[in-house]
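Reader: Could you pick out one spot in this fold and take me through it closely, then zoom out to what surrounds it? Keep it casual; I have the coordinates open.

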Amino acid sequence: MHRHLRIARPVSDLASSTHMYCRGLGLRVIASFQGHAGFDGVMLGTAGADYHLEFTRHRSHAVQPTPTVEDLAVFYMPAVAEWRAACARMMAAGFQPVAPFNPYWKVHGRTFQDRDGYRLVLQREDWMNAKRK
C-alpha cells in the first residue's frame, strides 16, 4: 500500500488543467468523480507514486483565491538534463515561469504557475551537493 501526499487545488476548468498537468509533469489520470458533495474532480499521479494531485471544481462556487506559497508541490529532478527537459515540457504545456515567493527556490529550482495561479517548483538535484559542502 502506497502512502499519498494529497495536494488538492480548486480549478476553473478540470479538462484543461488535467491536460496541462499531464503534459507538463508526465502524470496520468488515476481517478475522477462527479457530483461528490457538489464537487467534480480528478486525481492525477503516476503508477505507484507516493503522491497525487487532486483537482476539484465546485458546481456552484467560484474557484478559491490562490495560496501565497509555491511549495505546495515540489518535484525533484535527479539530473540536470532531466530538470531542463522538465522545465521545457512545463512551458510547452502552458505553465508560466514566475519569480518565487520564497528566495530559496530562485537558487535551487524553477517556479511555475498554472492558469488558476497555483504554483509548483521543479527542484534541481544539485541542492543536495550544496548541502554536503
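Author: Let's park at Val 74, which sits in strand β5, residues 74-76. Keep in mind that the model is predicted. Val 74 has a relative accessibility of 22%, so it counts as partly exposed; the buried class is kept for values under 20%. Leaving out residues up to four places away in sequence, Val 74 touches Trp 105, Val 121 and Gln 123. Then there's Arg 119: 45 residues away from Val 74 in sequence, yet the two C-alpha atoms are 9.3 Å apart in space.

Now zoom out. The protein has four helices and eight strands, and from the N terminus they come in the order β-α-β-β-β-β-α-β-α-β-β-α. Of its 133 residues, 38% count as buried. Take contacts between residues at least 6 apart in sequence: 54% of them join residues at least 24 apart. On the outside, the protein exposes about 7800 Å², with carbon and sulfur atoms supplying 56% of that.

Elsewhere in the fold you'll find an open sheet of four strands, ordered β1-β4-β3-β2 with mixed pairing. β1 (5-10) and β2 (28-36) are at the edges with a single partner strand each, so each has one side without a neighbour in the sheet. Direction ignored, neighbouring strands here are turned by 20° against each other on average. β1 runs parallel to β4 (residues 51-58), joined by six bridges, and Arg 6 stands opposite His 52 in β4. Lying across β1, β2, β3 (39-45) and β4 is helix α1 (residues 14-25), which runs at about 5° to β3.

Technical notes:
Residues are numbered from 1 along each chain as its sequence is written. This is a predicted model: local features need pLDDT of at least 70, side-chain atom pairs count only at pLDDT 80 or more; totals for chains, interfaces and linings use all residues. Side-chain values use heavy atoms; hydrogens and water are left out. Helices (H or I, at least four residues) and strands (E, at least two) are DSSP runs, numbered from the N terminus. Buried means under 20% relative accessible area, exposed over 50%, partly exposed in between (1.4 Å probe, protein chains only). Contact means heavy atoms within 4.5 Å. Accessible areas come from the Shrake-Rupley method with a 1.4 Å probe; for residues, only the protein chains shown count as cover. Two strands pair if DSSP finds at least two bridges between them. Axes are lines fitted to C-alpha atoms, for helices over the stretch in contact, and angles run from 0 to 180 degrees between N-to-C directions.
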